[in-house]
Amino acid sequence: MNEESLMVFKKPTYPINNSLLDYLERYDRTSKVSIFYDDLLRFSGSINVFDKNDQDTLWIRVYYNEHERKEIDLNLKKVYSYLYSDGNLDTIKFLNVDAIDYCTFGNSRPFRIKVRNILNDNYVYFYVKKADASRVYGLELEHILSPDKVQFLVYKDTLIEEHIMGIPGDVFMNTLLINCLETERAQIAKEFVKFNERCMIRLLGDMRAYNYVIVPIHDFDQVVYRIRPIDFDQQCYEGNLKVYRPQFFKENYPMVKLVENKLEESSIEQYKNEERAVLAKRIYSSENRIKKLLTIMGNDTIAPDENVQKLKLELFNYTHDLNFKRAKSMGNVLNATFDFITRNYKNMNVFKNNFE
């Protein structure tokens, strides 16, 4: 099944309500810098950005009038300081905004900001986007439930996200996978199984190959590969359960084939069980914070009602858990999923028999 039949309509942007904003303020997720996404749209010119192979990246480098550029640069440096150093403005004099790029495709149409430390030429990227409640919920869940923390800030209708480093999944599969050792290919297959399970459980959709990155980690005698999502636009939106399983997107076929070739069915089940257990423990360890977030999600509208009805019935048919039938919102559906995981993680055979 391809993605055209999985995802039919473009997802709308959902506003951040007051309850979510209060939550973000409670956990220091709001920015004190008055910069808006719309401010960056007032560029006066642009040029195409090409990669090292002279291929068009579909990003454009934008320019501003001189009187606007000074204010924009200053505010972007302040954003950097709040995102990476808790608002210590003493470092601003050592920072330079090297580039502001604008993405011309995709839902979020982000700006990518390159900030360089002029003392040592180290640089980082971050993104400025239109704030969307779905994306904020996705980022916060990633921060809580993943071993990798994610830094982001919200200012009214503007979202600032840190750059998540790694090799885009499509680039990795097209250029690097073929050169991996057999042991590395087996480890990548294992990681994809776990990634697939993690996305399904936390209802993070649309993990096509360009929406996640492969992160190689050099251990003392091997290279270990991990997979991290980088796009959280489709958190708890679609009604089709397959959208939340990366294995069903055609761009991920090389990964699916790798799993088929390198892993026995018993190993696949083992890795799924391991991922469920890890997620259950993380849910338990952050119980109060997750409970607050899910309460807000439960009272929020982040998907059409028909999507909610379709997804909760699909999950009920898989699990036979009445909590899914009782769900009235996507937040309720996710809460039922987490409840199901935590109730059954000590007896993984129950989950395996019902959820597959």
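Begin by selecting strands S4 and S5, which pair in the antiparallel sense over six bridges; as you look at them, keep in mind that this is a predicted model. Within this pair, Phe 111 stands opposite Val 128 in S5, and the hairpin that the two strands form has five residues between them, with Asp 121 taking a positive phi near 65°. If you now add strand S3, residues 95-103, you will find that S3 pairs with S4, residues 111-117, again in the antiparallel sense, over seven bridges. To see one of the matched positions, select Asn 96, whose bridge partner in S4 is Arg 116.

Return next to S5, which covers residues 123-130, and pick out Lys 129 in that strand. Is Lys 129 buried or exposed? Its relative accessibility is 7%, and because buried means under 20%, Lys 129 counts as buried. When you show the residues around Lys 129, leaving aside those up to four places away in sequence, you will see that Lys 129 touches Tyr 37, Ser 108, Pro 110, Arg 135, Asp 157, Thr 158, Leu 159 and Glu 161. With one of these, Glu 161, the side chain of Lys 129 makes a polar contact, side chain to side chain, at 3.1 Å. A distance drawn from the C-alpha of Lys 129 to the C-alpha of Phe 111 comes to 6.5 Å, although the two residues are 18 apart in sequence.

S5 also leads to the next stop, the largest pocket, since S5 gives five residues to its lining, which is the largest share. The pocket holds about 1,900 Å³ of space, and of the 50 residues that line it, those nearest its centre are Trp 59, Phe 105, Pro 168, Tyr 210 and Ile 230. To colour the elements that give two or more residues to this lining, select strand S1 (45-50), strand S2 (56-63), S3, S5, strand S7 (158-162), strand S8 (167-168) and helix H6 (169-176).

From the pocket lining, follow S8 into an open sheet of three strands, which run in the order S8-S9-S10 with antiparallel pairing. S8 and strand S10 (223-229) stand at the edges with a single partner strand each, so one side of each has no neighbour in the sheet. Strand S9, residues 212-218, pairs with S10 over seven bridges, and you can check one position by selecting Val 213, which stands opposite Arg 228 in S10.

Now turn to the nonpolar interior. In soluble globular proteins, nonpolar side chains tend to be buried together. Which residues touch the most other members of the largest nonpolar core? Of its 77 residues, they are Leu 20, Tyr 212 and Phe 338. Helix H7, residues 182-201, gives this core its largest share, eight residues. Centre the view on Phe 338, and, again leaving aside residues up to four places away in sequence, you will see that Phe 338 touches Leu 141, Leu 145, Ile 201, Arg 202, Ile 283, Ile 290 and Leu 294. A second core, separate from this one, has 23 residues, including Leu 40, Tyr 80, Tyr 102 and Phe 126.

For the last stop, look for enclosed space: a search of the whole structure finds one cavity of 30 Å³ or more. The largest cavity holds about 30 Å³ of space, and to find it you can select the residues that line it, Glu 142, Phe 195, Arg 198, Cys 199, Arg 202, Leu 204 and Pro 229. H7 gives the largest share of this lining, three residues.

Notes. Residues are numbered from 1 along each chain as its sequence is written. This is a predicted model: local features need pLDDT of at least 70, side-chain atom pairs count only at pLDDT 80 or more; totals for chains, interfaces and linings use all residues. Side-chain values use heavy atoms; hydrogens and water are left out. Helices (H or I, at least four residues) and strands (E, at least two) are DSSP runs, numbered from the N terminus. Buried means under 20% relative accessible area, exposed over 50%, partly exposed in between (1.4 Å probe, protein chains only). Contact means heavy atoms within 4.5 Å. A polar contact is a pair of N or O atoms within 3.5 Å; within protein, one must be able to donate a hydrogen and the other to accept it, and residues adjacent in sequence count only if both atoms are side-chain atoms. Two strands pair if DSSP finds at least two bridges between them. A nonpolar core is a set of buried Ala, Val, Leu, Ile, Met, Phe, Trp, Tyr and Cys residues joined through side-chain atoms within 4.5 Å. On a 1 Å grid over the protein atoms alone, a cavity is a set of points where a 1.4 Å probe fits but cannot get out, and a pocket is an open set with protein on both sides within 12 Å along at least five of seven lines; lining residues have an atom within 4 Å of a point. Grid points are joined across faces, edges and corners, and a volume is the space filled by probe spheres set on the points.
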